[in-house]
Amino acid sequence: MTASPPPAFTPPDPAFETKVRESFARQPFMATLGAALGAVVPGRVEVVLPFGEGVTQQHGFFHGGAIGAIADTAGGYAAFTLFPPNSTVLTVEYKINIMAPGKGERLIAVGEVTRSGRTLTIVRVDVYVQAGEARTHCATATQTLICLHGKSDARAEG
């Protein structure tokens, strides 16, 4: 049995990539971790986290919290690519299964929208750890995100 290809989406905001990249740049937590945005296409976003001692646990693997953080971010921005202008995204819920140790040079979280609704969007995120040329599927998350219509994505002042 072959998996079906991800659905093709048409974003309602033609500036979706700029919107996502600018929003990501305003996230101090991603900068603290050392994460970077990779590919940004309608309904799909990648977040890459290079290995560093500051994102490891006691065995020297990537910490589960770091895996979860980039999964949450990749999924959130995958959803955000399909949101209209003058809206923002917030995570409602996510569940992650870590299936293999995060032992390698970098993590790559790939968020792909499963269903995009007016208010709620469902996303699947697969996280891979890369060591040399080998990639190992180390985690999968499912996520629910909410579109807040009429809200700025910029940080509130005050």
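Select helix 1 (residues 16-25) and helix 3 (residues 64-80) together: their axes lie 10 Å apart and the two helices pack at an angle of about 145°. Keep in mind as you go that this is a predicted model. Turn the view so that one helix sits in front of the other, and you will see helix 1 passing helix 3 in a right-handed crossing.

Now show side chains at this contact. On the helix 1 side, pick K19, V20, S23 and F24; on the helix 3 side, they meet T73, Y77 and F80. Colour them by class and you should find four nonpolar, two polar and one charged residues in the contact of helix 1 with helix 3. As background for the spacing of such positions, an α-helix has 3.6 residues a turn, so residues three or four places apart point the same way.

**Helix 3 by itself**

Hide helix 1 for a moment and stay with helix 3. What span should its 17 residues have, at 1.5 Å a residue? The expected value is 24 Å, and the end C-alpha atoms of helix 3 are 24 Å apart, which agrees. Next, colour helix 3 by accessibility: 14 of its 17 residues are buried, so helix 3 is largely enclosed by the rest of the structure.

**The sheet**

Bring up the strands. They form an open sheet of six, in the order 1-2-4-5-6-3, with antiparallel pairing. Which strands stand at the edges? Strand 1 (36-41) and strand 3 do; each has a single partner strand, so one side of each is left without a neighbour in the sheet. Look along the sheet and follow the twist, which averages 25° from one strand to the next.

With the sheet in view, put the helices back. Helix 1 lies across strand 1 and strand 2, and runs at about 165° to strand 1. Helix 3 packs on the sheet too, touching strand 2, strand 3, strand 4, strand 5 and strand 6 (134-149), and its direction makes about 140° with that of strand 3.

**Walking across the strands**

Start at strand 1. Four bridges join strand 1 to strand 2 in an antiparallel arrangement, and A36 stands opposite V48 in strand 2. Zoom in on the hairpin of strand 1 and strand 2, where two residues lie between the strands, and select G43: its phi is positive, near 80°.

Move on to strand 2 (residues 44-50) and strand 4 (residues 106-116), which run antiparallel and are joined by seven bridges. Select V48 again and look to its other side: its bridge partner in strand 4 is I108. Then pick L49, which stands opposite L107 in strand 4. For reading side chains here, remember that in a regular strand they alternate between the two faces of the sheet.

The next step is from strand 4 to strand 5 (residues 120-131), an antiparallel pair joined by ten bridges. A hairpin of three residues connects strand 4 to strand 5. Select R115 and find its bridge partner in strand 5, I122. Also in strand 4 is V113. Is V113 buried or exposed? V113 counts as buried, because its relative accessibility is 3%. Draw a distance from the C-alpha atom of V113 to that of V125, twelve residues apart along the chain, and the viewer should give 8.6 Å.

**Strand 3 and I96**

Go to strand 3 (residues 87-98) and select I96. Its relative accessibility is 24%, so I96 counts as partly exposed. Which residues is I96 in contact with, leaving aside its neighbours within four places in sequence? They are I67, G68, A71, A139, T140 and A141. For another distance, take the C-alpha atoms of I96 and V127: they are 31 residues apart along the chain and separated by 9.9 Å.

**Two loop stops**

Select N86, in the loop between helix 3 and strand 3. Check its backbone: N86 has a positive phi of about 60° although it is not a glycine. By way of comparison, most residues other than glycine have a negative phi. With 54% relative accessibility, N86 counts as exposed.

Finish at E53, in the loop between strand 2 and helix 3. E53 also counts as exposed, because its relative accessibility is 62%. A last distance runs from E53 to H63, ten residues apart along the chain, with 9.9 Å between their C-alpha atoms.

Key: Residues numbered from 1 in each chain as written. Predicted model: local features only at pLDDT ≥ 70, side-chain atom pairs only at ≥ 80, totals over all residues. Heavy atoms only, no water. Axes fitted to C-alpha atoms, helices over the stretch in contact; angles between N-to-C directions. Left-handed = near helix turned anticlockwise from the far one by under 90°. Contact = heavy atoms within 4.5 Å. Nonpolar A, V, L, I, M, F, W, Y, C, P; charged D, E, K, R; others polar. Buried < 20%, exposed > 50% of the residue type's maximum accessible area, 1.4 Å probe, protein only. Expected span 1.5 Å × (residues − 1). Pairing = 2+ DSSP bridges.
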